[in-house]
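I opened my notebook to record, step by step, what I looked up in this structure. The entries below follow the order in which I went through it.

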Amino acid sequence: MSSKQVFISHTQKDVEFCDKFDAVCVRVGIKVFRSEFETIVPPAWGAIKNGINNSVALFLLVGKELVKNQSEKNNEWNYTQNWISYEIGVACQLGIDVWAICDDVLINFPMPYINNYMTVSLGRPDAFTYMRRVLENYDSDRTFKYPYASPEEGNTGIYCGYDNCKMEFNLHVALSPEARIICPQCLRPLILSEGHLRLRKA
Ligand SMILES: [Zn+2]
């Protein structure tokens, strides 16, 4: 078992998605600190902060149920969104990578900061294998700072082309030509081939 730990933020309602992510972690042998929105009992800020402090990266799992919670905008969502912001802030200040992984859903709430973005479901074998390599990298003290480039993936660093956004992040795993993705900060569509999304050379 690795001594490295990753911090996972998710809703326990996204059962299948979380199980998939867990399966990757088990395969790699990396430890997981789970932060489930349902089981956060205030004042939990200290436990969360410690969990992040002891982690090499934060992964926000954006599944179908999380997106549904947001669209219903119930009290539960206000609470959840508050913790998401807090966790991202702590991780950003600490300087560890922050990932958003979308399980074939379009993210529908803005994130103030992430530096790695994956919009392909881990149910896809190539995405599962990719995430396994990502975790193996963390296990070997390698990180995914922006802009990330490697011989296998080339340059993954891109930025949102809208003037009042310009969010920068690494976009992981090749998308199908018809795939729609939106910017995790301004929530506007990123069009891969037509100018809104400009590729930046590493
Ligand atoms: Zn944007």
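**Entry 1: an aspartate in a loop**

I began with Asp103, which I found in the loop between strand 4 (97–102) and strand 5 (116–118), and I kept in mind that I was reading a predicted model. I then asked whether Asp103 is buried or exposed. Its relative accessibility is 11%, and because buried means under 20%, Asp103 counts as buried. Looking at its side chain, I noted a polar contact of 3.3 Å with the side chain of Lys64. Leaving aside residues up to four places away in sequence, I listed Phe17, Val62, Gly63, Lys64, Ser121 and Leu122 as the residues that Asp103 touches.

**Entry 2: the zinc ion**

Next I looked up which protein atoms act as donors of the zinc ion, and I wrote down the SG atoms of Cys160, Cys165, Cys183 and Cys186, which lie 2.2 to 2.3 Å from the ion. The angles that these four donor atoms subtend run from 107 to 112°, so the arrangement is tetrahedral. Along the chain, the donors follow the spacing C-x4-C-x17-C-x2-C. One pair links distant parts of the chain, since Cys160 belongs to strand 8 (residues 157–160) while Cys183, 23 residues apart from it, sits in the loop between strand 10 (181–182) and strand 11 (189–190). I noted that both Cys160 and Cys183 are buried.

**Entry 3: a closer look at one donor**

I placed Cys165 in the loop between strand 8 and strand 9 (168–172), and recorded that Cys165 is buried, with a relative accessible area of 13%. Not counting residues up to four places away in sequence, Cys165 touches Cys160, Cys183, Gln185, Cys186 and Arg188.

Definitions and conventions
Residues numbered from 1 in each chain as written. Predicted model: local features only at pLDDT ≥ 70, side-chain atom pairs only at ≥ 80, totals over all residues. Heavy atoms only, no water. Helix = DSSP H or I, 4+ residues; strand = E, 2+ residues; numbered from the N terminus. Buried < 20%, exposed > 50% of the residue type's maximum accessible area, 1.4 Å probe, protein only. Polar contact = N/O pair within 3.5 Å; in protein donor to acceptor, adjacent residues only side chain to side chain. Contact = heavy atoms within 4.5 Å. Donors = N, O, S within 2.8 Å, 3.2 Å for Na, K, Ca; no water. Tetrahedral: all angles 85-135°; square planar, octahedral: opposite > 155°, others 65-115°.
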